[in-house]
Amino acid sequence: MDSKLENLIGQHIRAHKLPPPERNYKAIPGRKLEFDFAWPPIKLAVEVQGGVWAKGGHTSGVGANRDCEKLCLAQLEGWILLPVTTNQIRSGEAIKWILRAFDLHKRFD
């Protein structure tokens, strides 16, 4: 089930006419870790960090360890992983970072 934040960033992605991302994408071989949004051809992923102000799953010790592990494993597999928060999505900063990542890919394509 998509969260309101995931729906909002999905709207931003569509508004900027980016290619549709794959959702809940498993990119780490042998692991159950998933990316909320992923563009496998360019190895770009976005993780929505909901609940950071409400002591949600991402702010617990277990959640923080899991998120760090996911980030490290993603980087070792060559992924750009952008963890984004509620404020960054609502302010438009998150979509700016996604657009910059696409621009980086075009430069090195």
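**Reading a predicted fold, feature by feature**

Me: Lys-43 is partly exposed, with a relative accessible area of 33%. Which cut-offs stand behind that word?

Reply: Buried is under 20% relative accessible area, exposed is over 50%, and partly exposed lies in between (1.4 Å probe, protein chains only). Before we go on, this is a predicted model, where local features need pLDDT of at least 70 and side-chain atom pairs count only at pLDDT 80 or more, while totals for chains, interfaces and linings use all residues. Residues are numbered from 1 along each chain as its sequence is written, and side-chain values use heavy atoms, with hydrogens and water left out.

Me: Where does Lys-43 sit, and what is its phi?

Reply: Lys-43 belongs to the loop between β2 (35–39) and β3 (44–49); helices (H or I, at least four residues) and strands (E, at least two) are DSSP runs, numbered from the N terminus. Its phi is near 55 degrees, a positive value in a residue other than glycine. Asn-24 also has a positive phi, near 50 degrees, but its place is in strand β1 (residues 22–25).

Me: How should I read a nonpolar core, and which residues touch the most other members here?

Reply: In soluble globular proteins, nonpolar side chains tend to be buried together. A core here is a set of buried Ala, Val, Leu, Ile, Met, Phe, Trp, Tyr and Cys residues joined through side-chain atoms within 4.5 Å. The largest one has 18 residues, with Ile-9, Trp-39, Leu-44, Val-46 and Ile-98 touching the most other members. Two or more residues each come from α1 (4–15), β2, β3, β4 (80–85) and α4 (93–108). Helix α4 gives the largest share, five residues. Another core, of nine residues, lies apart from this one and includes Ile-28, Phe-35, Ala-38 and Trp-79.

Me: How do I check a helix such as α2, and which of its residues are buried?

Reply: Start with length: the expected span is 1.5 Å times one less than the number of residues. For the 16 residues of α2 (residues 61–76) that gives 22 Å, and the end C-alpha atoms are 23 Å apart, which agrees. Its buried residues are Gly-63, Asp-67, Lys-70 and Ala-74. Down the axis they fall within an arc of 60 degrees, so they line one face of the helix; the arc is that of the directions from the helix axis to the C-beta atoms.

Me: What covers that buried side, and what does the opposite face carry?

Reply: The cover includes β2, β3 and β4. Turned away from the buried side are the exposed residues Val-62, Asn-65, Gln-75 and Leu-76.

Key: Contact = heavy atoms within 4.5 Å.
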